[in-house]
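Open the model in your viewer and keep the selection panel at hand. The tour goes from the whole chain to single residues.

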Amino acid sequence: MDSPTDPTQRDKVHTGQYVTIEFGIGPAGLSPAKEYWDSLNDTIRARWFSCFRHLDNPQRTYGNKQRIKHLKGELYEFKDVSLNTRVFTYRDGNAWVLVSAFTEKKQQKLARRVLERALTTMRAMQEQDALRREKSNED
């Protein structure tokens with residue numbers, strides 16, 4: 001994982017030829033997805049890296065609903081059924097920005113409150129992205 005020299009830049013989880021996977025930064029510099037990632041063991045991280053490598057292949061589509069699913073607006077989820085875990089994400093150019101993660105009990109339907117919390121977090125991160133871009137354009 002890359003470590004940025006500029007604290008306003010997002011840490012990268014995976015850098016591929018076509019896409020990067022990055023941790024979103026919300027208000028006050030918080031990153032729920034990074035907190036989740038830091039709590040994982042190497043075996044579970046390897047499973048997520050497999051998903052990320054799948055995204056970097058331009059010949060593949062994002063249509064595998066077992067792994068990648070569009071939820072609402074700009075929000076998507078990466079899903080690992082065997083772990084009962086969802087990682088919420090959005091696109092920013094060539095980057096997939098990780099928002100937060102949710103581990104659930106064996107239920108297929110995503111609870112509305114979990115979806116709304118992920119959307120709220122995503123919007124806050126997008127606002128932070130816009131502020132960082134404005135600031136860098138001023139410099």
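Contact here means heavy atoms within 4.5 Å. Buried means under 20% relative accessible area. Keep both cut-offs in mind for the packing stops below. The model is predicted.

**Stop 1: the whole chain.** Colour by secondary structure. The protein has three helices and six strands. Read from the N terminus, the order is β-β-α-α-β-β-β-β-α. Of the 139 residues, 38% are buried. Switch on the surface: about 8,400 Å² is exposed, and carbon and sulfur atoms supply 48% of that area. For contacts with a separation of 6 or more, 46% are between residues 24 or more positions apart.

**Stop 2: helix 3.** Select residues 112-138. Why do the end C-alpha atoms of helix 3 lie 39 Å apart? Helix 3 has 27 residues, and at 1.5 Å a residue it should span 39 Å, so the distance in the model agrees. Now show side chains. The buried ones are Val114, Leu115, Ala118, Leu119, Met122, Met125, Asp129 and Arg132. Which elements do the buried residues of helix 3 pack against? Select helix 1 (32-38), then strand 3 (68-72), strand 4 (75-80), strand 5 (85-92) and strand 6 (95-103): these are the partners.

**Stop 3: the first hairpin.** Select residues 12-15, which form strand 1. Add strand 2, residues 20-23. The two strands pair in the antiparallel sense over three bridges. Four residues make the hairpin connection between strand 1 and strand 2. Pick His14 and look across: Ile21 of strand 2 stands opposite.

**Stop 4: the largest nonpolar core.** In soluble globular proteins, nonpolar side chains tend to be buried together. Here, the largest nonpolar core holds 17 residues. Select Trp48, Phe52, Phe78 and Leu98, the members that touch the most others. Strand 2, helix 1, helix 2 (42-55) and strand 6 each give two or more residues to this core. Helix 2 gives the largest share, four residues.

**Stop 5: Leu98.** Centre the view on Leu98 and show its surroundings. What does Leu98 touch, leaving out residues up to four places away in sequence? The list is Val13, Ile21, Glu22, Phe23, Gly24, Ala33, Phe52, Phe78, Val87, Phe88, Thr89 and Met125.

**Stop 6: the second core.** Finish by selecting Val99, Leu110, Val114 and Met122. They are among the 14 residues of a second, separate core. Val114 and Met122 take you back to helix 3, where both are buried.

Methods: Residues are numbered from 1 along each chain as its sequence is written. This is a predicted model: local features need pLDDT of at least 70, side-chain atom pairs count only at pLDDT 80 or more; totals for chains, interfaces and linings use all residues. Side-chain values use heavy atoms; hydrogens and water are left out. The expected span of a helix is 1.5 Å times one less than its number of residues. Buried means under 20% relative accessible area, exposed over 50%, partly exposed in between (1.4 Å probe, protein chains only). Accessible areas come from the Shrake-Rupley method with a 1.4 Å probe; for residues, only the protein chains shown count as cover. A nonpolar core is a set of buried Ala, Val, Leu, Ile, Met, Phe, Trp, Tyr and Cys residues joined through side-chain atoms within 4.5 Å. Two strands pair if DSSP finds at least two bridges between them.
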